[in-house]
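Me: Please take a close look at one single part of this model for me. I work on computed structures, and I would like the cut-offs spelled out as you go, followed by a look at how that part sits among its surroundings.

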Amino acid sequence: MAAVSGLMWRPLRPVTVRDAINQGMDEELERDEKVFLLGEEVAQYDGAYKVSRGLWKKYGDKRIIDTPISEMGFAGIAVGAAMAGLRPICEFMTFNFSMQAIDQVINSAAKTYYMSGGLQSVPIVFRGPNGASAGVAAQHSQCFAAWYGHCPGLKVVSPWNSEDAKGLIKSAIRDNNPVVMLENELMYGVPFEFPPEAQSKDFLVPIGKAKIERQGTHITVVSHSRPVGHCLEAAAVLSKEGVECEVINMRTIRPMDMETIEASVMKTNHLVTVEGGWPQFGVGAEICARIMEGISKKLVLEYSQTQIKRLKLAFTLSQFSLPSPRSCIQLPGCSCCSCHWC
């Protein structure tokens, strides 16, 4: 029998995003007894979207735990368990409900490693459906990519297809940092071909690395989650008109793989961002800002023009990091002179 990348050959078979996440969690639960899943209806009911189907029967009450309808309560329990050395997977029935637990996610999970001086890690995964679905109104249709992508201390991933979903959930569970995994309800039942390497129990998708889904030379199109599929469909239509789009599936929101995006934009000289969230202060706005920062740096190096520069806060260096009258005066006219901001 032929081997593919060191694996025994397996035929491509369609696997839904729901089953890919289930498979990834199952493999990690089996691999590490410190891993457990908790959330509303995840056990006996097999999950509100059947993502945890069969796990309660296989692993029992101690590792697949139904919780009361109290996001603040069970998210706090999960964060405490992570601090105590376990690896919880905390499922929100929808990320809109994570607003009830945002203090636990941000102040307790995201900030603890930094505030403990690197002594206390919080290896936890917050996961569930994110973004607009069908007919669930404004309060249940928000995309939280920009919300959580804004916060230091969190890693944020956003899968599109089944390969993304399995590889990212496994990487998230193994990571020693809190990871937010933003799934999409409308994608759960969508089947994708599963490559042979994704069928392995050792398969991982690295956090922080985007994937070029379609090569192109005219326009760079960057997206994440369900809109990646829309971008690929649009690219196929534009290709018939002679416009070749390079479609990038971000996979990770934070840390963002700007290296892949910048290399593509340098090739195409055009950029379109597509997302399911609000445009102001969104993921696309951040990508555009970083591209402009990169262009400004290039102008500084080649033409001695003024560079766009961000001031970032570190508590021990706050006098040098926070905006001040001095920084406002110096930065606009700075051309890599001797001021300490450069």
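Reply: Happy to help! Let us begin with a term: a contact means heavy atoms within 4.5 Å. This is a predicted model, where local features need pLDDT of at least 70 and side-chain atom pairs count only at pLDDT 80 or more, while totals for chains, interfaces and linings use all residues. Residues are numbered from 1 along each chain as its sequence is written, and side-chain values use heavy atoms, with hydrogens and water left out.

The part I would pick is helix 2, residues 55-59, where Leu55 has its place. Helices (H or I, at least four residues) and strands (E, at least two) are DSSP runs, numbered from the N terminus. Is Leu55 buried or exposed? Leu55 counts as buried because its relative accessibility is 2%, the classes being under 20% for buried, over 50% for exposed and partly exposed in between, with a 1.4 Å probe and protein chains only. Setting aside residues up to four places away in sequence, Leu55 touches Asn22, Met25, Asp26, Leu29, Leu37, Gly60 and Ile64. One of these partners, Leu29, lies 26 residues from Leu55 in sequence and 9.0 Å from it in space, C-alpha to C-alpha.

A second residue of this part brings in charge. Lys58 forms a salt bridge with Glu30, with 3.7 Å between the closest N and O atoms; the term stands for a side-chain nitrogen of Lys or Arg within 4 Å of a carboxyl oxygen of Asp or Glu. This pair links distant parts of the chain, since Lys58 belongs to helix 2 and Glu30 to helix 1, 28 residues apart. Lys58 is partly exposed because its relative accessible area is 46%, and Glu30 also counts as partly exposed, at 44%.

From helix 1 we can step further out. Glu27 forms a salt bridge with Lys166, the closest N and O atoms being 3.0 Å apart. Here Glu27 sits in helix 1 (residues 17-31) and Lys166 in helix 7 (residues 162-174), and the pair links distant parts of the chain, 139 residues apart. Both Glu27 and Lys166 are buried.

Another pair takes us to the strands. The side chains of Glu183 and Arg127 meet in a salt bridge of 2.7 Å, N to O. Glu183 is in strand 9 (residues 179-183) and Arg127 in strand 7 (residues 125-129), with their positions 56 residues apart, and this pair too links distant parts of the chain. Glu183 is buried, and so is Arg127. As for shared partners, salt bridges join Glu27, Glu28, Arg31, Lys166, Lys170 and Arg174 into one network. A search of the whole structure finds 19 salt bridges.

In the loop between strand 7 and helix 6 (145-149) we find Ser133. Ser133 is buried, with a relative accessible area of 18%. A polar contact of 3.1 Å joins the side chains of Ser133 and Glu185. That term covers a pair of N or O atoms within 3.5 Å; within protein, one must be able to donate a hydrogen and the other to accept it, and residues adjacent in sequence count only if both atoms are side-chain atoms. Leaving aside neighbours within four places in sequence, Ser133 is in contact with Glu185 and Leu186.

Thr94 offers another polar contact, side chain to side chain with Asn96 at 2.6 Å. Thr94 is placed in the loop between strand 6 (87-91) and helix 4, and it counts as buried at 11% relative accessibility.

Now the cysteines. With a disulfide taken as a pair of cysteine sulfur atoms within 2.5 Å, the count comes to zero. Cys245 is in no disulfide, and the nearest cysteine sulfur, that of Cys231, is 8.7 Å away. Cys245 counts as buried, at 3% relative accessibility, whereas Cys288 counts as partly exposed, at 36%.

Finally, the wider setting of your helix. The protein chain has twelve helices and 15 strands, and 46% of its 342 residues count as buried. Among contacts in the protein chain with a separation of 6 or more, residues 24 or more positions apart account for 77%.
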